[in-house]
Amino acid sequence: MTWIAYRVVFKLKSPLHIGCGKVGNVQRTRPYITGRNLWGALTMRLTRDATDGPATNSKQYKCCSDKVDQELAFTYFYPALKPENQDYQIQWPWDNESLFRRRFLSSYASTALVYHQQAAEEGLLHEVEFKGLLHEVEFISPRTLDGGQQVYLVGYLFQKEGSDLPWQLACQRLQMGGERGYGWGDMRLIEIKKITDEHDGYNHRLFDSENYTWQVENNSIVIQVSENSSLLAHTKTENVSAQGEIEPLVGREWQEAKKAGESVAFSGMCWTPGTVVNGSMSFKIKRLGVWIGH
């Protein structure tokens, strides 16, 4: 079966928080959008758009999420800048981590107050139940902190030929990450560009780099990564020779028998994005954008 590739570009309009654990009182963010975050946002939007009235039935979400799993594949999305009259330039977080943090990551500190007492109310401390304790949330800024340049998010989405899933329409109304109730994670769709062999002479390149190319093998998307290049997604550790960090990939999902977030899904031990492979390797894109050695 043939897959059709699209480059997708979003304009970040508000702070974006992609949860990455907690250090002290700081809720850290990942410097990219994971496949799980994109999968969740698409599933939510597709379900609500297909439903008359409130989408409160978990079976509706399960039906849409299964279609996303079966008919779509995707990369992680990375921050990018667009110089005048030039194409989008990906800002890899691992190229210069300290510089990236100074330019793209900021934080917001808050605490809930009982206004007639002018004090922190116990149990309402912005998701941290310690009276008087400051809570800080890290985020990707919609504009660079040094020069005020607009920040974009660039990635790739693959659709099975013949699929009628209206994901392109859903992308026009996506909100991702945490703190969405405060307006965070808002983004505007800028571009969905179909990628062909002739597209700007790229010949199936990803992120405008000869180090990353893709092809279809046995109905799966396979990514070829050059030697000494970085992994661009969480990658199962089995049979992958690389140098970098390993972490358990865990997320929360909504299953019919449980309430929202009570089901913990474990995707295995993975190399983190930015890990450098020791040789040229190929990887399949699996569910939630996770890579496995091919």
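What is the volume of the largest cavity? About 70 Å³. The model is predicted.

## The enclosed cavity

The count comes to one cavity of 30 Å³ or more. The lining of the largest cavity is made up of R7, D87, Y88, I90, V154, Y156, F207 and D208. By class, five of these residues are nonpolar and three are charged. None is polar.

Two of the lining residues, R7 and D87, return in a network of salt bridges. That network links R7, D87 and E191.

## The second largest pocket

The second largest pocket has a volume of about 520 Å³. It is lined by 20 residues, and R28, P31, E97, E245 and P273 are the closest to its centre. The lining has eight nonpolar, six polar and six charged residues.

Which elements each supply at least two residues of this lining? They are strand 3 (26–29) and helix 3 (97–104). Helix 3 gives the largest share, three residues.

## Salt bridges from helix 3

The structure holds nine salt bridges. Helix 3 takes part through R101 and R103.

R101 pairs with E138, at 2.3 Å from N to O. This pair links distant parts of the chain: R101 sits in helix 3, E138 in strand 10 (residues 135–140), and their positions lie 37 residues apart in numbering. Is E138 buried or exposed? E138 is buried, because its relative accessible area of 7% falls under the 20% limit. R101 counts as partly exposed, at 35% relative accessibility.

R103 forms a salt bridge with D146, and their closest N and O atoms are 2.8 Å apart. R103 belongs to helix 3, while D146 lies in the loop between strand 10 and strand 11 (152–160), so the bridge ties together parts 43 residues apart in sequence. The two partners sit in opposite classes of accessibility. R103 is buried, with a relative accessible area of 16%. D146 counts as exposed, at 52%.

## A bridge from helix 2

Another salt bridge joins D69 and R287, with the closest N and O atoms 3.0 Å apart. D69 is in helix 2 (residues 58–71). R287 is in the loop between strand 21 (281–285) and strand 22 (291–293). The pair links distant parts of the chain, 218 residues apart.

Both partners are partly exposed. D69 has a relative accessible area of 27%, and R287 has one of 39%.

Technical notes:
Residues are numbered from 1 along each chain as its sequence is written. This is a predicted model: local features need pLDDT of at least 70, side-chain atom pairs count only at pLDDT 80 or more; totals for chains, interfaces and linings use all residues. Side-chain values use heavy atoms; hydrogens and water are left out. On a 1 Å grid over the protein atoms alone, a cavity is a set of points where a 1.4 Å probe fits but cannot get out, and a pocket is an open set with protein on both sides within 12 Å along at least five of seven lines; lining residues have an atom within 4 Å of a point. Grid points are joined across faces, edges and corners, and a volume is the space filled by probe spheres set on the points. Ala, Val, Leu, Ile, Met, Phe, Trp, Tyr, Cys and Pro count as nonpolar, Asp, Glu, Lys and Arg as charged, and the others, Gly among them, as polar. Helices (H or I, at least four residues) and strands (E, at least two) are DSSP runs, numbered from the N terminus. A salt bridge is a side-chain nitrogen of Lys or Arg within 4 Å of a carboxyl oxygen of Asp or Glu. Buried means under 20% relative accessible area, exposed over 50%, partly exposed in between (1.4 Å probe, protein chains only).
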